[in-house]
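Here is a short tour for the bench, meant to be read with the structure open beside you. We will look at some rings first and then move on to a sheet and its helices.

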Amino acid sequence: MSTAPTTDAQPRASHAADSHDLIRVQGARVNNLKDISVELPKRRLTVFTGVSGSGKSSLVFATIAAESQRMINETYSAFVQGFMPTLARPDVDVLDGLTTAIIVDQERMGSNPRSTVGTATDANAMLRILFSRLGKPHIGSPNAYSFNVPSVKGSGAITIERGEGRTKTEKASFSQLGGMCPRCEGMGSVNDFDLTALYDESLSLNEGALTIPGYSMDGWYGRIYRQSGFFDPDKPIGKYTKNEKYDLLYKEPTKIKVEGINLTYEGLIPKIQKSMLSKDVDSLQPHIRAFVERAITFTTCPECSGTRLSPEARSSKIDGTSIADACSMQISDLAQWVRGLDEPSVAPLIAGLQHLLDSFAEIGLGYLSLDRPSGTLSGGEAQRTKMIRHLGSSLTDVTYVFDEPTIGLHPHDIQRMNELLLQLRDKGNTVLVVEHKPEAIAIADHVVDLGPGAGSGGGTVCYEGSLEGLRASGTLTGRHLDDRATLKESVRTPRGALQIRGASANNLRDVDVDIPLGALVVITGVAGSGKSSLVHGSIPAGADVVSIDQGAIRGSRRSNPATYTGLLEPIRKAFAKANGVKPALFSSNSEGACPTCNGAGVIYTDLGIMATVESTCEECDGKRFQASVLEYRLGGKNIAEVLAMSVTEAEAFFGAGEARTPAAHAVLDRLADVGLGYLSLGQPLTTLSGGERQRLKLATHMSTKGGVYVLDEPTTGLHLADVEQLLGLLDRLVDSGKSVIVIEHHQAVMAHADWIIDLGPGAGHDGGRVVFEGTPADLVADRSTLTGQHLAAYVGR
């Protein structure tokens, strides 16, 4: 019996699974979100816009992405969840249609001094396998090429068991070759201690000879050294014998008893190496960082010349190239070298490495080298480095979440980034992008505009729909979307010049340039052209420079704008003076703290594998202070009410009347100047967006005595409407007698400059030269550089 195929002429009813084409958010209340609801189309590119602090990150990262990650974590067993970070459910009524979220954010990559671009992207791991197979002479396994693996040797007696209970003892030895340079232990640099910075040799320990931060004679460190028994605590250090000096500085860990307690004694230098030098210097507290910079000099390791590798690892080569040579090459050159290898035995490995290196070039990072420490990457570079592992992924129906992926990109490079985002979308993924740049907003399939203001003035959906609809919507973003700055009619006359001669840091090619003083100078060029190397690495010492970079603000959930800027100090003193009590009462980290929550305002309950529960302290009702402290008033307000004020409200409060406090008013003025008038004084730093943190840093540095201000991309995280305010602030700084140097890609800042220095023409070894110096009008008229062409198009010339 035969069956003929049948055809159904009727159109098939759509499958139930196809109806789930939306991510629905209802009743989101995370941070400043005001019970908002949105519907986001799947497998489309949605851009979230709005002023800095309007709630974009709260919606995208803290609500949608956070819940997706939490639900994925819940699929693991309780045992596995115990080893994972616990995530609380976001404050939202309904989250429907979620898919797996992959977050690619601006967070700097780990500042571990052993982490490099190569180790962070697995390129080093692939190179090590390649050299262990093809390197001549052959020296061993991939570990023999790793600067994180030391060589080890051992010898001794082994017992061999034989039949009928007989044993035989033999001598045995083993060795395992690692790639770590033994001199610098794989760090690439060695350190020397200035002993005069560790102690005052004219004093004894009992007289407080140690000058290391945290080593007071009354604390445990002081007691351990004074009562160790290895030296007389009343004897000046300058009169110590050779053995006593060795015990003080270098003695290996030794068990001792102090005041009846068993403790471990260790020499000062190994102690400092473990507690301070094992961390990235920039991550240390300011006073400890100042001590490290004063007491310790770092020099390139003389044994490995900074390559971190052992002599054996450097001696093994493929076609005359060692793994150290390969890691120091520009990645675009390394990709060319790998392309020239023809070895069928490792063909899959070469293909994988080739694809990885080509991805660097595709994403605009071909100018990096694999040995570049990952902690030195800018926020934009770190974000693009994280993108690399997703470019060739076969996963589909994934939600990719990006936080301003155009940060640090020249207008020329933004087009390439847009193409990559569209590629991810076209593979069937949902792409969510938080963005301010009009060029990046232009590719959106769907736009969600949050606002209308920032902080408590934001958190609502002002517009949701197409890009054309946004333009016509009348929202702040819609009105400013097509803003274009105009070239200044007249530029300032410089009053001198900061001379840079023979600059050769990183990829700079013996650059000579004069940076005008008393003017607004903008340094431009494609990413990797040498801008930061010129400004941060080549300005002569003693040039009276205040540098405000993109480094992260470090602060716990107890830190807030009042503590970070030093504003709390004059406020505490004003309260103390008005009430005749101690200033310490008005600090939630000191005597005035609520004893129940220790001044945190909330109680944290750890539930093991379940999410930690955070509940408002019932004793202080979240105010963080003891009830008795809240009875003290200044101008009719208690300290909790003052910390709940916005900067704008506090500026009026401390500017006149009974509460008039000039020192506090000056700090508040600077915060308002940089556009942070909406922030509340007691808002935790951990809740601030990237743009808010950078402007908070700028406000703090504005009081610093310095004639030259260097700003590194101050438009990062700024809404189109806020750029105008920033330009006004830069003008005020210059008009007050300062010189302002800005590293920037934003065309509005370029157009507003008095002088432009353009580096290029390309990135890495294709850059490092000054390709233009002059006024913005001259750059537009010249159009010989990429920057000139994009600026001309921007101003409509």
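## Rings, charges and a sheet

K251 lies over the face of F230, at 4.8 Å from the ring centre. Keep in mind that this is a predicted model. A second charge over a ring involves R308 and F147, and the table puts the two side by side.

| Charge | Ring | Distance to ring centre |
|---|---|---|
| K251 | F230 | 4.8 Å |
| R308 | F147 | 5.0 Å |

F230 also belongs to a cluster linked by ring pairs, together with Y215, Y221, Y225, F231, Y240 and Y265. Across the whole structure, a search finds 13 aromatic pairs. One of them joins Y215 and Y221, which are stacked with 4.3 Å centre to centre and 20° between the planes. Y215 counts as buried because its relative accessibility is 4%, under the 20% cut-off. Y221, at 32% relative accessibility, counts as partly exposed.

Now for the sheet. It is open and built from 6 strands in the order 5-14-15-3-16-17, with mixed pairing. Strand 5 (101–104) and strand 17 (460–465) are the edge strands, each pairing on one side only. On average, neighbouring strands are turned by 15° against each other, direction ignored.

Strand 5 runs parallel to strand 14 (residues 399–403), and 4 bridges join them. Here I103 stands opposite V401 of strand 14. Helix 14 (residues 411–426) packs on the sheet and touches strand 3, strand 14 and strand 15, with its direction at about 150° to that of strand 15. Helix 1 (residues 56–73) lies across several strands, including strand 5, to which it runs at about 135°.

Conventions
Residues are numbered from 1 along each chain as its sequence is written. This is a predicted model: local features need pLDDT of at least 70, side-chain atom pairs count only at pLDDT 80 or more; totals for chains, interfaces and linings use all residues. Side-chain values use heavy atoms; hydrogens and water are left out. Two strands pair if DSSP finds at least two bridges between them. Helices (H or I, at least four residues) and strands (E, at least two) are DSSP runs, numbered from the N terminus. Axes are lines fitted to C-alpha atoms, for helices over the stretch in contact, and angles run from 0 to 180 degrees between N-to-C directions. Contact means heavy atoms within 4.5 Å. Rings of Phe, Tyr and Trp (its six-membered ring) pair if their centres lie within 6.5 Å; planes under 30 degrees apart count as stacked, over 60 as edge-to-face and the rest as tilted. Buried means under 20% relative accessible area, exposed over 50%, partly exposed in between (1.4 Å probe, protein chains only). A charge sits over a ring if NZ of Lys or CZ of Arg is within 6 Å of the ring centre and within 35 degrees of the ring normal.
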